[in-house]
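Subject: Structure for your review

Dear colleague,

Please find below the structure that I am handing over to you. I would be grateful if you could read the notes beneath it with the structure open.

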Amino acid sequence: MTTYHIKQKLWSLGGEFEIKDGFGNPAYSVAGSFFKIPKYFTVNKPDGTQVSKITKVMFQFLPKFDVALSDGSGFRIAKAFTLFKPRYQIEDLGLDVQGNFWDMNFDLIKNDVVVAQISQEWFKLTSTYNIDIYDDRYADIVISLVIAIDYVKEQESHASSSSST
């Protein structure tokens, strides 16, 4: 099992931060585009190798975010039409989600086996997540998924706060 901790920097203009392993060593870095349309994030290994790119799909009625992995695969997070609580679908992930991914407390499952558990620490100033990965083959996918979901949640909170003013 490998443990990762994601703690974003408060007010980081480009969205840059490191993801550390359970021993406090840098395991991934995340860099967001600054003043670029569409907004995107890249996830890299410490040696600079790109793991994934997360991009907002432009000109959509409901928000969609594509995650392109370095191996050529990818998945999409798409907002479903609902009247009350926001609901998102994860398309082409290849893993089942059990739990509440919107509240960041869920398991990822492949063939009835848990490959990762994700949980968010509450009562923190910044987004803080703990990730336990039981099958290291899925590490890049899981890290990219958590960053993508956090990006979606940030976009939602900005949209709802701007519409309420």
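The notes below go from the overall fold to the core, one hairpin, the salt bridges and a surface patch.

Please bear in mind throughout that this is a predicted model.

Overall fold

The protein contains 12 strands and one helix. Along the sequence the order is β-β-β-β-β-β-β-β-β-β-β-β-α, so the helix follows the strands. Of the 165 residues in the protein, 40% are buried. The accessible surface amounts to about 9600 Å², and carbon and sulfur atoms account for 53% of that area. Among contacts with a separation of 6 or more, 31% are made by residues 24 or more positions apart.

The nonpolar core

In soluble globular proteins, nonpolar side chains tend to be buried together. The largest nonpolar core in this model has 40 residues. The residues with the most contacts inside this core are Tyr-4, Ile-19, Tyr-28, Leu-108, Ile-118, Ile-131 and Ile-147. Helix α1 gives the most to the core, contributing 11 residues.

You may wish to display Leu-108 and its surroundings. Neighbours within four places in sequence aside, the contacts of Leu-108 include Leu-93, Leu-95, Asp-96 and Val-97. Leu-108 is also in contact with Val-113, Val-114, Val-115, Ala-116 and Ile-118, as well as with Val-142 and Leu-145.

The hairpin of β6 and β7

Strands β6 and β7 pair in the antiparallel sense, over five bridges. One of the bridge partners is Ala-78 in β7, which is matched with Lys-64. Four residues lie between the strands of this hairpin, where Gly-72 takes a positive phi near 95 degrees.

A salt bridge also joins the side chains of Asp-66 and Arg-76, at 2.6 Å from N to O. Asp-66 belongs to strand β6 (residues 64–69) and Arg-76 to strand β7 (residues 74–80), with their positions 10 residues apart in the numbering. Both partners lie between the limits of 20% and 50% used for partial exposure: Asp-66 is partly exposed because its relative accessibility is 29%, and Arg-76 is partly exposed because its value is 23%.

The other salt bridges

The count of salt bridges comes to three. Lys-45 forms one of them with Asp-140, and the closest N and O atoms are 3.4 Å apart. This pair links distant parts of the chain, 95 residues apart: Lys-45 is in the loop between β4 (40–44) and β5 (50–56), whereas Asp-140 is in helix α1 (residues 139–163). Lys-45 is partly exposed, at a relative accessible area of 30%, and Asp-140 is partly exposed as well, at 25%.

Asp-135 and Arg-137 also meet through their side chains in a salt bridge, at 2.6 Å from N to O. Arg-137 counts as exposed because its relative accessibility is 67%, and the limit for that class is over 50%.

A nonpolar surface patch

Which residues make the nonpolar surface patch of about 300 Å²? The patch is made by Met-1, Val-114 and Tyr-134. Val-114 lies in strand β11 (residues 113–121). Val-114 qualifies for the patch because its relative accessible area is 31%, and patch residues must have over 30%. Val-114 is also among the residues in contact with Leu-108, one of the core residues named above.

With kind regards

Methods
Residues are numbered from 1 along each chain as its sequence is written. This is a predicted model: local features need pLDDT of at least 70, side-chain atom pairs count only at pLDDT 80 or more; totals for chains, interfaces and linings use all residues. Side-chain values use heavy atoms; hydrogens and water are left out. A salt bridge is a side-chain nitrogen of Lys or Arg within 4 Å of a carboxyl oxygen of Asp or Glu. Helices (H or I, at least four residues) and strands (E, at least two) are DSSP runs, numbered from the N terminus. Buried means under 20% relative accessible area, exposed over 50%, partly exposed in between (1.4 Å probe, protein chains only). Patches are made of residues with over 30% relative accessible area and no salt bridge: like charges are joined within 9 Å, nonpolar side chains (Val, Leu, Ile, Met, Phe, Trp, Tyr) within 5 Å. Accessible areas come from the Shrake-Rupley method with a 1.4 Å probe; for residues, only the protein chains shown count as cover. Contact means heavy atoms within 4.5 Å. Two strands pair if DSSP finds at least two bridges between them. A nonpolar core is a set of buried Ala, Val, Leu, Ile, Met, Phe, Trp, Tyr and Cys residues joined through side-chain atoms within 4.5 Å.
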